[in-house]
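Please open the model in your viewer and keep the sequence panel beside it. The tour below moves from one selection to the next and says what is to be found at each stop.

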Amino acid sequence: MARETVIASFIMRFVKPGAAAAIGGAEAGGSDSHSGAGLGAGESGPGTGARIAVRHVQSGYERRFVNLDDAMDFIREEIRLLEQD
């Protein structure tokens, strides 16, 4: 029997916080909306460069990263898990 086609779609957003937001968060002790809340493992708080949000379209699962290699590893792992099913 032919194997069913499995689709894995991902959206990557690259977000660079404004200078005022990054500085304000650092001065306020990280209390603003860019304070690093909800960041995953290996991520740092305010004042870092661009952040990467990766969302798996089919499941809606999203993770945030500061390192592109980590984001790509996440995508590879999600695809590997889909291939196991």
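Begin by selecting residues 51-56, which make up strand β2; 5 of these 6 residues are buried, so that the strand is mostly covered, where buried means under 20% relative accessible area, exposed over 50% and partly exposed in between, with a 1.4 Å probe and protein chains only. Helices (H or I, at least four residues) and strands (E, at least two) are DSSP runs, numbered from the N terminus. This is a predicted model, in which local features need pLDDT of at least 70 and side-chain atom pairs count only at pLDDT 80 or more, while totals for chains, interfaces and linings use all residues. Residues are numbered from 1 along each chain as its sequence is written, and side-chain values use heavy atoms, with hydrogens and water left out.

Next, add strand β1, residues 10-15, which runs antiparallel to β2 and is joined to it by 6 bridges; two strands count as paired if DSSP finds at least two bridges between them. Within this pairing, Met12 stands opposite Val54, and Phe14 has Ile52 as its bridge partner.

Now add strand β3, residues 62-65, which is joined to β2 by 4 bridges and also runs antiparallel to β2. Here Val54 stands opposite Arg63. The hairpin of β2 and β3 has 5 residues between the strands, and in it Gly60 takes a positive phi near 80°.

With the 3 strands shown together, an open antiparallel sheet appears in the order β1-β2-β3. Its edge strands are β1 and β3, each of which pairs on one side only. Neighbouring strands are turned by 20° against each other on average, direction ignored, with axes being lines fitted to C-alpha atoms, for helices over the stretch in contact, and angles running from 0 to 180 degrees between N-to-C directions.

Then select Lys16, in the loop between β1 and α1 (19-27). Is this residue, Lys16, buried or exposed? Lys16 counts as exposed, because its relative accessibility is 66%. The C-alpha atoms of Lys16 and Ile52 are separated by 8.8 Å, although the two residues are 36 residues apart along the chain.

Turn to helix α2, which lies across β1, β2 and β3 and runs at about 165° to β1. The largest nonpolar core consists of 7 residues, namely Phe10, Ile52, Val54, Phe65, Ala71, Phe74 and Ile75; such a core is a set of buried Ala, Val, Leu, Ile, Met, Phe, Trp, Tyr and Cys residues joined through side-chain atoms within 4.5 Å. Both β2 and α2 (68-84) supply at least two residues of this core, and its largest share, 3 residues, comes from α2. Leaving aside residues up to four places away in sequence, Ala71 touches Met12, Ile52, Val54 and Phe65, contact meaning heavy atoms within 4.5 Å.

Finish with the aromatic rings, of which the structure holds 2 pairs. Tyr61 and Phe74 form a tilted pair, 5.8 Å centre to centre and with 50° between the planes; rings of Phe, Tyr and Trp (its six-membered ring) pair if their centres lie within 6.5 Å, and planes under 30 degrees apart count as stacked, over 60 as edge-to-face and the rest as tilted. This pair links Tyr61, in the loop between β2 and β3, with Phe74 in helix α2, 13 residues apart. Tyr61 counts as partly exposed, because its relative accessibility is 42%, whereas Phe74 is buried, with a relative accessible area of 6%. The rings of Phe65 and Phe74 have their centres 5.7 Å apart and their planes at 45°, so this pair is tilted. Phe65 counts as buried at 4% relative accessibility, and Tyr61, Phe65 and Phe74 form one aromatic cluster.
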